[in-house]
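Q: Could you take me through how the helices pack against one another here, and what lies in the nonpolar interior? I would love one connected walk through that part.

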Amino acid sequence: MRVRGPRGGEVSFLLDGRALLVCGVLVALTLATAAVSLSTGEFRIPLPEVVRTLTGGGTSADHFVIDTLRLPRLLTAVLVGAALGAGGAVFQSLSRNPLGSPDVVGFDTGAATGALLVILVAHGSRAEIAAGAAVGGVGTALAVYLLAMRRGVQGARLVLIGIAIAAMLGSVNSYLLSRADVSDAQTAYLWLIGSLNSSDWPGVTAIGVTLAVLLPAAVRLGRGLNALEMGDDLACALGVRPERVRFAAVVAGVGLTAVATSCAGPIAFIALSAPQIARRLTGVPGPNVLPAALTGALLLSACDWIAQQGFTGTQLPVGVLTSVVGGGYLAWLLAREWRGGRG
């Protein structure tokens with residue numbers, strides 16, 4: 001496809017028909033999930049009334065339920081899922097390993113450490129907890145990246161060092177919880193599960209701005225990441241600077257996952273499964289950042305609706321459901337890698 005550039009020249013790029021179709025279907029399914037989420041619950045609102053409320057009409061009760069309770073939660077699920085899917089795609093491409101997602105290589109564990117220190121030691125506010133989680137995630141990512149750097153950053157080394165750092169920080173988190181008061185430990189434990197119960201408009205704004213800035217940057221890095229998957233030598237021959245692309249990709253991936261985790265807690269397995277599902281759906285090599293983001297948005301919004309409505313008399317934190325589904329997916333992925341001789 002060719003489009004006219006800002007200075008009158010033409011810019012050409014490839015569009016894969018199957019990938020476009022997959023993205024369209026994912027958007028349609030996410031919109032359908034959103035419609036169901038906004039209309040169902042203890043206070044049922046017919047879909048025409050939902051549309052009327054969103055366009056400025058409707059009753060005051062409908063506005064309270066949709067604008068205050070359901071819409072911020074839905075948008076947080078969609079945006080956090082998209083951020084985790086895109087961040088997972090970046091890191092799996094960097095590591096050239098389907099297990100190289102942020103929740104496996106320790107970034108989520110580092111975010112949890114930062115949040116626990118704020119909750120249990122500083123007794124901070126919700127905004128301070130989010131800031132602590134973001135700082136913890138970014139600090140852990142920086143430590144893993146620096147420790148993995150030896151004549152460049154190799155994927156296997158990044159994953160192994162990340163797993164080691166995650167194990168160490170997991171011990172720190174367990175120690176902090178064991179020394180905490182019961183009430184503080186309960187608050188911390190609920191955050192560690194991963195939940196959208198506290199979603200609000202400031203959180204939507206934070207994750208929305210992050211996506212608006214970092215998602216286009218991650219998509220733009222797709223060509224360089226695709227070249228790096230073939231090896232540094234070939235990437236250099238294609239005009240790609242490996243370390244520059246790696247550093248930019250780490251910044252984009254860490255930013256996406258850190259802000260997502262600070263908004264909703266360490267929701268497990270979305271960053272692991274969404275990129276792999278997207279790659280299998282599109283059949284296109286490379287990171288598939290945009291399809292992975294759309295897949296993550298659909299997965300998390302659907303899981304959150306099931307967690308709210310699928311169990312009579314109770315609402316589960318969405319992190320519980322994603323852990324159950326993602327754990328099964330991880331077992332299947334490990335078995336597949338082992339049978340394929342890549343384990």
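A: Happy to help; here is a walk through the helix packing, the nonpolar cores and two buried residues.

A word on the source before we start: this is a predicted model, in which local features need pLDDT of at least 70 and side-chain atom pairs count only at pLDDT 80 or more, while totals for chains, interfaces and linings use all residues. Residues are numbered from 1 along each chain as its sequence is written, and side-chain values use heavy atoms, with hydrogens and water left out.

Let's begin with α1 (residues 17-39) and α2 (residues 47-54), whose axes come within 9 Å and cross at roughly 95°. Helices here are DSSP runs of H or I with at least four residues, numbered from the N terminus. Axes are lines fitted to C-alpha atoms over the stretch in contact, and angles run from 0 to 180 degrees between N-to-C directions. The pair α1 and α2 is therefore roughly perpendicular (65 to 115 degrees; under 35 is roughly parallel, over 145 roughly antiparallel, and the rest oblique). In α1, Ala-35, Leu-38 and Ser-39 meet Leu-47, Val-50 and Leu-54 of α2, where contact means heavy atoms within 4.5 Å. That set divides into 5 nonpolar, 1 polar and no charged residues (Ala, Val, Leu, Ile, Met, Phe, Trp, Tyr, Cys and Pro count as nonpolar, Asp, Glu, Lys and Arg as charged, and the others, Gly among them, as polar).

Next along, α2 packs on α3 at an angle of about 80°, with the axes 10 Å apart; α2 and α3 are therefore roughly perpendicular as well. Glu-49, Val-50, Thr-53 and Leu-54 of α2 make this contact with Asp-62, His-63, Ile-66 and Leu-71 of α3. Here the residues divide into 4 nonpolar, 2 polar and 2 charged.

Helix α3 (residues 60-95) also matters for the interior. The largest nonpolar core has 67 residues, and those with the most contacts inside it are Val-80, Ile-207, Leu-225 and Ile-267. Helix α3 gives the largest share of this core, 16 residues. Such a core is a set of buried Ala, Val, Leu, Ile, Met, Phe, Trp, Tyr and Cys residues joined through side-chain atoms within 4.5 Å, and buried means under 20% relative accessible area, with exposed over 50% and partly exposed in between (1.4 Å probe, protein chains only). Setting aside neighbours within four places in sequence, Ile-267 is in contact with Leu-84, Asp-108, Gly-194, Leu-196, Leu-300, Val-318 and Thr-322. A second, separate core of 12 residues includes Leu-116, Val-118, Ile-119 and Leu-176.

Val-118 and Ile-119 turn up again where α4 meets α5. Helix α4 (residues 107-122) and helix α5 (residues 126-148) pack at about 140°, with axes 6 Å apart, which makes α4 oblique to α5. On the α5 side, the residues met include Gly-132, Gly-136 and Gly-137. The contact of α4 with α5 divides into 9 nonpolar, 6 polar and 1 charged.

Thr-140 lies in helix α5 and counts as buried at 8% relative accessibility. Not counting residues up to four places away in sequence, Thr-140 touches Gly-106, Phe-107, Gly-110, Ile-165 and Leu-169.

Finally, Phe-269 lies in the loop between α11 (242-264) and α12 (270-282), and at 18% relative accessibility Phe-269 counts as buried. Beyond residues up to four places away in sequence, Phe-269 touches Asp-103, Thr-322, Ser-323, Gly-326, Gly-327 and Leu-330.

How values were computed
Helix = DSSP H or I, 4+ residues; strand = E, 2+ residues; numbered from the N terminus.
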